[in-house]
Amino acid sequence: MLQISEFLSNHVVLTAALVLVSLAIIVNELLIIRRGGLRIAPADAVRMINDKGAVVVDLRSVADFKRGHILDSINVPMMKLDEKQSELRKHQGKPLLLCCALGSVATQAGIKLRGAGFEEVYPLAGGINAWQNAGLPITTK
């Protein structure tokens, strides 16, 4: 413990930089959660689908969707999200689980949908890749 306090006192600039970077990361994550919705892990997504009837919205291209997607998901490519919002309004009372390849596009879509009045919007953390890595099934039907 003495070595840590000695290091911190001898390297004030490094310590300050570490604190600032840590705070910036925390603030950024909180803003993303606040604007785009809490990112949901695949196991939690399964519970949300089963318990709350969440609607899975796959934001990937039509070609990627056809190669494999979560069962009963709706394909709304990110490029067409604005024009397809009326289609999503049919599911307004249910949570929307947003899915993309890696999770970053889903977060952006979550921000956009929250701004359009959708309240229960949850990006899938890690996207379809995390879903498959968790051993969960995909379908081509």
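On one side of helix H3 in this predicted model, Asn50 and Asp51 are exposed. The other side of H3 holds the residues Pro42, Ala45 and Met48, which are buried. These three residues share one side of the helix because they cover an arc of only 110 degrees around the axis. The cover over the buried residues of H3 includes strand S3 (96-99), strand S4 (121-123) and helix H7 (127-133). Helix H3 itself comprises residues 42-52, and Gly53, just after H3, adopts a positive phi of about 65 degrees.

Helix H3 also carries a salt bridge. The side chains of Asp44 and Arg47 meet with an N to O distance of 2.4 Å. Both residues belong to H3 and are three residues apart, about one turn of the helix. An α-helix has 3.6 residues a turn, so residues three or four places apart point the same way. Asp44 counts as partly exposed because its relative accessibility is 36%, and Arg47 is likewise classed as partly exposed, at 47% relative accessibility.

**Salt bridges**

Side chains of opposite charge can pair when their charged atoms come close. Across the whole structure, a search finds five salt bridges. Among them are the following pairs.

| Salt bridge | Closest N to O distance |
|---|---|
| Asp44 and Arg47 | 2.4 Å |
| Arg60 and Asp58 | 2.8 Å |
| Glu87 and Lys84 | 3.9 Å |

The pair formed by Arg60 and Asp58 involves two buried residues. Arg60 has a relative accessible area of 11% and is therefore buried, under the 20% limit that defines this class. Asp58 also counts as buried, at 1% relative accessibility. In the pair of Glu87 and Lys84, both partners are partly exposed: the relative accessibility of Glu87 is 28%, and Lys84 has a relative accessible area of 27%.

**The sheet**

Four strands, in the order S2-S1-S3-S4, make up an open sheet with parallel pairing. Strand S2 (74-75) and S4 are its edge strands, each pairing on one side only.

Strand S1 (residues 55-58) runs parallel to S3 and is joined to S3 by four bridges. Within this pairing, Val57 has Leu98 of S3 as its bridge partner. Asp58, whose side chain takes part in the salt bridge with Arg60, lies within the residue range of S1.

Strands S3 and S4 also pair in the parallel sense, over three bridges. Here the bridge partner of Leu96 is Val121 in S4, while Leu97 stands opposite Tyr122 of S4. The side chains of S3 are divided between two directions: Leu96 and Leu98 point one way, Leu97 and Cys99 point the other way, and all are buried. Strands S3 and S4 thus appear both as paired strands of the sheet and as part of what covers the buried residues of H3.

**Helix H6**

Helix H6 lies across S3 and S4 and runs at about 145 degrees to S3. It consists of 12 residues (residues 104-115), which at 1.5 Å a residue should span 16 Å; the end C-alpha atoms are 17 Å apart, in agreement with that expectation. The buried residues of H6 are Ala106, Thr107, Ala109, Gly110 and Leu113. Because they cover an arc of only 160 degrees around the axis, they fall on the same side of H6. After H6 comes Gly117, with a positive phi near 105 degrees.

**A non-glycine residue with positive phi**

Positive phi values occur at Gly53, just after H3, and at Gly117, which follows H6. Asp72 also has a positive phi, near 65 degrees, in a residue other than glycine. The location of Asp72 is the loop between helix H4 (62-67) and S2. With a relative accessible area of 68%, Asp72 is exposed, as this value is over the 50% limit for that class.

Key:
Residues numbered from 1 in each chain as written. Predicted model: local features only at pLDDT ≥ 70, side-chain atom pairs only at ≥ 80, totals over all residues. Heavy atoms only, no water. Buried < 20%, exposed > 50% of the residue type's maximum accessible area, 1.4 Å probe, protein only. Arc of directions from axis to C-beta. Contact = heavy atoms within 4.5 Å. Expected span 1.5 Å × (residues − 1). Salt bridge = Lys/Arg side-chain N within 4 Å of Asp/Glu carboxyl O. Pairing = 2+ DSSP bridges. Axes fitted to C-alpha atoms, helices over the stretch in contact; angles between N-to-C directions.
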